[in-house]
Structures are given as C-alpha cells and as structure tokens.
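Me: Hello! I am new to this structure and would like to get to know it step by step. Could you walk me through it with some short questions and replies?

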Amino acid sequence: MFKTLKNALKTPDVRKKLMYTLILIIVFRLGCYITVPGVDTFQLSEAFNGQGIGALIDLISGGAFSRLSIFAMSISPYITASIVIQLLAMVIPSLERLTKEGGEEGRSKINRYTKMLTVVLALVEGLGIYLSYKNSGIFINSEFITGVTVVISLMAGTAILMWLGDQITNKGIGNGISVIIFVGIIAGLPSAVKTIWELIFTAVGFSTTGLLTGVGIVIGAILLVAGVVFVQQAERRVPVQYSKRVVGRKMVGAQNTHIPLKLVMAGVMPVIFASSFMTFPAMIIQMFVSDIATKTGFWAGVYKFSIATSTSNVPVGYSIANAIVYLLLIVGFTYFYTYATFNPAEVSNNIKKNGGFIPGIRAGKPTTEYLSSIISKLTLFGGIFLSVIAVIPMLLRFTTLNLAFGGTSILIVVGVALETVQQLESQLVMRHYKGFLE
C-alpha cells in the first residue's frame with residue numbers, strides 16, 4: 001500500500017488527482033464545523049448525549065451531527081435514495097432497462113433520479129431533525145423562519161456533499177460517496193486513541209489493568225482488520241472452459257478461465273439495510289412524540305426496541321430482542337442483495353451462449369443449480385460473518401468502554417480503503433503501459 005502511494009506521488013497525473021481529492025476532503029471537514037444558523041451551541045452540547053439515532057448519524061458524519069453543522073445529515077439521504085432506486089429497479093421494468101441496457105445515458109438518468117429523490121429525503125430528514133430538537137432549547141427562537149432556515153441549511157449541506165462526491169469520483173481517486181463516509185468514520189480515530197490513553201493513564205496515575213485492556217483492544221482491532229481484509233479479498237473461483245469456435249475467419253482455440261465469486265458479495269450493504277430498517281421507526285416516532293425516551297407505553301417500547309442497536313440506555317430485554325432481529329435481518333438482506341446482483345440463471349445462459357461449460361457439469365439447468373448451490377453456501381457464510389462483525393459494538397455497550405470504532409465501522413473503512421488502493425494501482429498500471437508502448 002505504501003509502495004503504491006509512493007509510486008502515485010511520482011506520477012504527475014495521479015499526484016494531481018490525489019491532491020484534488022485531499023482538498024475536497026479538507027472542504028468536507030471544514031464544513032463539519034459550520035453550525036447551521038439559529039442554533040445555541042451551548043445548549044446543543046447539553047442536548048446531544050451521544051446515544052440513539054444521533055449516534056449513528058454522528059459516526060458517519062465525522063461528528064457533524066453533534067455540532068448540528070450544515071453537514072449534519074452527512075450523505076445518508078443519498079445512500080437511502082440509492083437503496084430505494086436499486087429496489088425499484090427490480091420491480092419497475094423501465095428502470096430495470098435503464099440499469100442494464102441504458103449504457104452511459106441510462107446511468108446518467110438513474111443518477112439524476114437518485115439525486116432528485118435525495119433532495120426529497122433530505123427535506124424529510126431535515127424536518128425530522130428540527131422537530132426532534134425543537135423543544136430541547138437548542139434553537140435561539142422557535143419561529144417559523146428559524147425552522148425553514150435550519151431545514152434549508154441541512155438540505156444544502158447534503159447537496160454540497162453530493163457535489164463533492166461527484167467531483168472526487170470524476171476528477172479524484174476512489175468512489176466519492178464512499179470516500180466521504182470513510183473520512184467521516186476515520187475522524188473518530190483520535191477519540192478512540194484518547195479513550196485508550198485515558199484507560200492507561202487515569203486521574204490517579206498509571207493503571208496496569210488499563211494497560212492490559214488497551215493492549216487487548218489494539219490486538220483485537222488488528223485481528224478484526226486482518227479478518228475483514230482476508231474475507232473481503234477471498235473468493236471462490238469456479239473454472240470455466242470454452243471450446244474451439246469460429247470468430248470471423250479465424251478459429252479461436254479453447255480457453256480456460258474462471259468466475260470469481262467473493263465470499264461476501266454483498267459487501268457492507270446488508271448491514272446498512274438492516275440498520276436503516278431497525279432505526280426507521282425511532283426516527284418517525286421521535287418526530288411526532290416529544291421526550292419519547294422518558295415515557296412508557298406501546299410507542300415508547302417500540303422506540304426503545306428500535307434504538308437498542310445504538311444505545312445502552314434501554315432494558316436488557318430490548319437489547320437481546322433487538323440483537324436477534326438485527327442479526328436475522330442482516331442474514332436475510334445478505335441473501336436478498338447477493339441474488340439481486342448475481343443471477344445464476346443469467347450467468348449460466350451467458351456461458352452456454354459463448355460455448356463454455358464448467359468441467360464436470362452439463363450446460364444449462366445443471367450449471368444454474370451448481371452455481372446456485374455455491375452462491376447459497378457463500379451467502380450463508382457472508383451473512384454470518386457480517387452478523388458477527390455487527391454484534392461486536394453491541395457487546396461493547398455492556399462494558400465501560402466508549403470507542404468510536406465498532407465492527408461495522410471497520411468493515412466500511414477497510415472496504416473503502418481496499419477499493420481505493422485497487423483503483424490507484426489500476427491507474428498506475430495504465431500509465432506504466434502507456435509509457436512502455438511509447
């Protein structure tokens with residue numbers, strides 16, 4: 001990785017892209033400290049307790065939500081919009097045609113629809129944030145114009161982040177949206193280091209127990225990162241052999257290749273789906289019921305069950321029930337997203353059309369069944385792996401530790417880092433071959 005970065009800095013074009021990406025990242029971090037108009041910052045620090053829904057948004061926004069900055073909603077409305085468009089493309093034929101056969105124009109239209117839906121969702125989410133904190137005293141006044149200003153500022157912040165993401169994707173290095181999420185999570189690293197430091201050096205002096213705990217946390221994080229890298233990079237290679245065929249006036253010889261099937265084909269998307277699904281009821285309830293966390297009754301119970309993945313201030317029973325449903329949702333969404341992105345029947349037909357076959361397996365339906373069997377096993381492993389990663393921060397909540405990094409955060413960070421490094425290497429290879437041919 002460091003060798004790749006060193007070679008990239010030596011290449012003028014790639015170096016410019018890296019510098020451009022870095023400048024936009026700095027713009028993003030500066031915006032995280034610009035508070036929306038009409039907010040009393042002193043009251044804000046007391047109102048935000050780092051629990052519940054706010055903690056989830058604050059994690060990916062790099063602390064912007066706890067400051068109620070213009071980037072408080074981060075890129076979450078865009079992520080939700082992308083998920084909705086992907087789901088709609090599976091049931092609406094016209095959207096499906098745009099996705100699969102539209103080419104560059106189709107992708108442009110899908111991107112435009114996603115941005116339009118993002119604006120609508122940003123309006124709803126911004127309104128929800130304002131209504132949630134309206135009675136907490138963080139706003140200087142509760143006039144109508146204050147609410148309009150706050151909501152428009154939050155929507156503008158999300159629109160700016162969309163633009164920054166597009167610029168990074170088109171003119172920088174890596175996927176812009178993923179890079180913004182990556183930077184937001186990495187911004188919590190100093191807080192994690194500070195927590196470990198305070199474990200070792202307490203107010204009364206050096207703590208041996210704290211040192212052992214800190215060393216255990218560091219070793220655990222290293223093992224977790226190594227495990228995520230291993231699983232993200234691992235793949236099952238299904239051999240495919242193509243027989244001799246005539247192409248034009250030439251006879252093309254037999255060719256042996258393989259189909260690379262990732263162990264976790266769905267990536268981190270099932271975790272994001274499950275988290276959104278679990279926290280959605282709480283977001284709606286707190287928009288219409290003030291101080292819901294301190295109340296009792298049916299809706300208060302639903303609210304506490306919904307936020308149990310992100311707070312320890314709920315009864316143990318809610319946490320256990322939430323954990324079971326949360327893990328089942330992750331496994332279910334893993335199957336859903338994997339089969340939505342990989343169709344064994346379609347792959348089998350493509351192999352058959354090109355005169356290929358899997359050694360020992362007949363073409364057609366047997367190939368489809370064989371691929372389906374492999375995908376089913378890989379998906380089960382992927383769902384269990386993602387569930388184990390997601391449950392780690394839930395276990396830490398029953399301790400005195402308050403780390404900014406959890407299993408899901410590490411999964412996202414490692415995945416984006418690997419994707420960005422691979423893109424960087426591909427750009428270096430392109431320029432290397434160009435120089436070689438010249």
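**A first tour**

Reply: Gladly! Let us start with Gly147, which is buried because its relative accessible area is 9%, under the 20% cut-off. Please keep in mind that this is a predicted model.

Me: Thanks! Which helix does Gly147 lie in?

Reply: Gly147, buried at a relative accessible area of 9%, is part of a helix that covers residues 144-171. That helix is H8.

Me: How far apart in space are Gly147 and Lys134, C-alpha to C-alpha?

Reply: Along the sequence, Gly147 and Lys134 are 13 residues apart. In space, going from C-alpha to C-alpha, the distance between Gly147 and Lys134 is 8.6 Å.

Me: Is Ser74 buried or exposed?

Reply: Ser74 sits in the loop between helix H4 (52-60) and helix H5 (76-91). Its relative accessibility is 1%. Buried means under 20%, so Ser74 counts as buried.

Me: What is the phi of Ser74, about how many degrees?

Reply: Ser74 is not a glycine, and yet its phi is positive. The value for Ser74 is about 50 degrees.

Me: Let us turn to helix pairs. Is H2 parallel or oblique to H9?

Reply: Two packed helices are described by the angle between their axes and the distance between the axes. Helix H2 (residues 12-31) and helix H9 (residues 176-186) have axes 11 Å apart and pack at an angle of about 55 degrees. That angle makes the arrangement of H2 to H9 oblique.

Me: Is the crossing in which H2 passes H9 right-handed or left-handed?

Reply: We have just seen the angle of H2 and H9, about 55 degrees. As for the hand of the crossing, H2 passes H9 in a way that is right-handed.

Me: Is H10 roughly parallel or roughly antiparallel to H11?

Reply: Helix H10 (residues 189-200) packs with helix H11 (residues 208-233), their axes 7 Å apart and the angle about 150 degrees. Angles over 145 degrees count as roughly antiparallel. Therefore H10 is, relative to H11, roughly antiparallel.

Me: And is the crossing of H10 and H11 left-handed or right-handed?

Reply: H10 and H11 have their axes 7 Å apart. The crossing of H10 and H11 is left-handed.

Me: Now for empty space inside. What is the volume of the largest cavity?

Reply: Rolling a probe the size of a water molecule over the atoms shows where empty space is left. Searching the whole structure turns up one cavity of 30 Å³ or more. The volume of the largest cavity is about 40 Å³.

Me: Which helix gives the largest share of the lining of the largest cavity?

Reply: The residues lining the largest cavity include Lys262, Met265, Thr334 and Ile375. By class, the lining has five nonpolar, four polar and one charged residues. Helix H14 (316-341) and helix H16 (365-396) each supply at least two residues. The largest share, four residues, comes from H16.

Me: Is Glu346 buried or partly exposed?

Reply: Glu346 belongs to helix H15 (residues 344-353). Its C-alpha atom is separated by 8.4 Å from that of Thr368, 22 residues apart along the chain. With a relative accessible area of 39%, Glu346 is partly exposed.

Me: How far apart are the C-alpha atoms of Thr35 and Leu154?

Reply: Thr35 has its place in the loop between H2 and helix H3 (41-47) and, at 28% relative accessibility, counts as partly exposed. Thr35 and Leu154 are 119 residues apart along the chain. Their C-alpha atoms are separated by 9.9 Å.

Me: One more, please! How far apart are the C-alpha atoms of Thr11 and Gln427?

Reply: Thr11 lies in the loop between helix H1 (2-10) and H2, and its relative accessibility of 18% counts as buried. Along the chain, Thr11 and Gln427 are 416 residues apart. The separation of their C-alpha atoms is 10.0 Å.

Conventions. Residues numbered from 1 in each chain as written. Predicted model: local features only at pLDDT ≥ 70, side-chain atom pairs only at ≥ 80, totals over all residues. Heavy atoms only, no water. Buried < 20%, exposed > 50% of the residue type's maximum accessible area, 1.4 Å probe, protein only. 1 Å grid on protein atoms, 1.4 Å probe; cavity = no way out; pocket = protein on both sides within 12 Å on 5 of 7 lines; lining within 4 Å. Points joined across faces, edges and corners; volume = space filled by probe spheres on them. Nonpolar A, V, L, I, M, F, W, Y, C, P; charged D, E, K, R; others polar. Axes fitted to C-alpha atoms, helices over the stretch in contact; angles between N-to-C directions. Parallel < 35°, antiparallel > 145°, perpendicular 65-115°, else oblique. Left-handed = near helix turned anticlockwise from the far one by under 90°.
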